[in-house]
Amino acid sequence: MRMLACPRCAEAVFMDELSCRSCGVAVGYHPPSRTMLDLTEPSVEIEGRTWYPCSRRGWKCNWVAPDGAEAGRCFSCGLIRARPASDDTIALERLAETMLGERRLLIQLDQLGLPVDPWHEADGGLGFDLLSSYSRNERVSIGHANGIVTIDLAESLDAHRERLRVALGEPYRTMLGHFRHEVGHYYEWILVERPESSAWIDECREIFGDQRTSYADAIDRHYRYGAPEGWQESFISEYATMHPWEDFAESFAHYLHITDTLETSWSAGLELRPGREAHPQAVWNLQVRRQYGADDFPAMLEDWRALSLFFNRVNRSMGKDDLYPFTIGETVARKLDFVHRLIVGLPELPVAPDGFRRLRAIRTTSSRNVHG
C-alpha cells in the first residue's frame, strides 16, 4: 500500500484515517487520483466533478463519493449488497471494522490493474454480503458465489478469530486475508475459467489440479482426514490442499500479501544494506522495485525472501513470533508465478470516472458456490 500524505501539511496519513494526526484537517480518500483530499469544505471540485464525503463516514468510511452517487455512497460502500439491520448496533460496530479490510483490498486491486465490475452494474459482478453470526445467532458461511463474497463480521472479534485460528491450526487469520482469499475465487472465475479466458485454463489445471473434481467430496475428505503428509512441499497452507479452487484462492491471497508489503516498502523508499555485523551469507542488498514484469517473478521472490527475513527479525526484537511464518518451495513458487503472470498479463483496461477498471458485462451461465 503506497504511503499517503496529508493534503495540507504533507505528513504521512494512514489509508483508514478520517483526519491528519499532525494538523487535524479532515481528509478523504479519492480513488481516481489515489490521494487524500482536504475535506474542510462540504465538497471538493476536481476536473469539473464534485466529490463529497461518503454518506457512511459515520461508520468510519473515509472515501469520497461523486455527485449523483446512489445514497451518497462511495464506490467501496456501493459494493456492499447486504449488511446488518440499522438497529443492530453491535453488528454495525463490527461492520465498520470489516469495511476497512474491504477498502484496503479495493485500493490494492486498483493498483494491480485488476477489474472490478460492481454487482449492481453487471450480472455476476463483485459484491459483498457483510453479515454477522454473532448478532444473528445463526451460521454465516464465509465464501464466494457468482461474484458475491460473504464475510462473517464476527471474525472481526479478536477472541472469535483467534479461537478459530487455533482450532484450524492456521499460522495467522485476518479479516483482510479473508477478503483476499475470497476475491481470489472471483478472479479465478472471471479471468481463468470463463470461455473467453480459456488461454489460461489448461495451465491452471496443470499447476493447481482439475477444478471440476467434486468440491463436496473434497470438503468431506479434508475435514475428516486433514491435509496429506508432507503438504508443505507443494502448498502454501493446509487449507490449500483441500481442492484446486482453494489452492488457487490461497495462492492468490498470498500473492496479494507479498505485493502489498513490497508496495508499502517501495513507497517508503526502504532499502536493506549489509550491516557491520551482518552474517557473511546474509543477502541484505535490496532495493524494492516499483514494478515487476511478467518474467520478473524470480526477482520478486528473492526480494521478498530478503524483506520477510528482515521483518521476522524485527518482530523477534519485539518479542513476537515471525511476521511471515511461511516457506515458499519450488511448487508453491510456480503457483505464485502463475498468479503473477495472470495479473501482469492483463490488457490495459480503461479506467472509469470512479477510478476503477471494468470488464464487459459478465453473463453467468451456471451457478458456482465456493466456501473458504
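Here are some questions and answers about the cavities and the chain of this predicted model.

In this predicted model, local features need pLDDT of at least 70 and side-chain atom pairs pLDDT 80 or more, while totals for chains, interfaces and linings use all residues. Residues are numbered from 1 along each chain as its sequence is written, and side-chain values use heavy atoms, leaving out hydrogens and water.

Q: What makes a space in here a cavity?
A: On a 1 Å grid over the protein atoms alone, a cavity is a set of points where a 1.4 Å probe fits but cannot get out. Two cavities of 30 Å³ or more turn up in this structure, and the largest holds about 40 Å³.

Q: Why is Pro244 called a lining residue of the largest cavity?
A: Lining residues have an atom within 4 Å of a point of the cavity, so Pro244 counts as one. Others on that list include Glu188 and Phe208.

Q: How do you know which helix gives the largest share of that lining?
A: Helix H6 (residues 201-208) supplies four residues, the largest share. Helices are DSSP runs of H or I with at least four residues, numbered from the N terminus.

Q: What makes Asp354 the charged residue in the lining of the second largest cavity?
A: Asp, Glu, Lys and Arg count as charged, and Asp354 is on the lining list, so Asp354 fills the one charged place. The lining also has seven nonpolar residues and no polar ones.

Q: What share of the chain is called buried?
A: Buried means under 20% relative accessible area (1.4 Å probe, protein chains only), and 50% of the 372 residues count as that.

Note on methods
On a 1 Å grid over the protein atoms alone, a cavity is a set of points where a 1.4 Å probe fits but cannot get out, and a pocket is an open set with protein on both sides within 12 Å along at least five of seven lines; lining residues have an atom within 4 Å of a point. Grid points are joined across faces, edges and corners, and a volume is the space filled by probe spheres set on the points. Helices (H or I, at least four residues) and strands (E, at least two) are DSSP runs, numbered from the N terminus.
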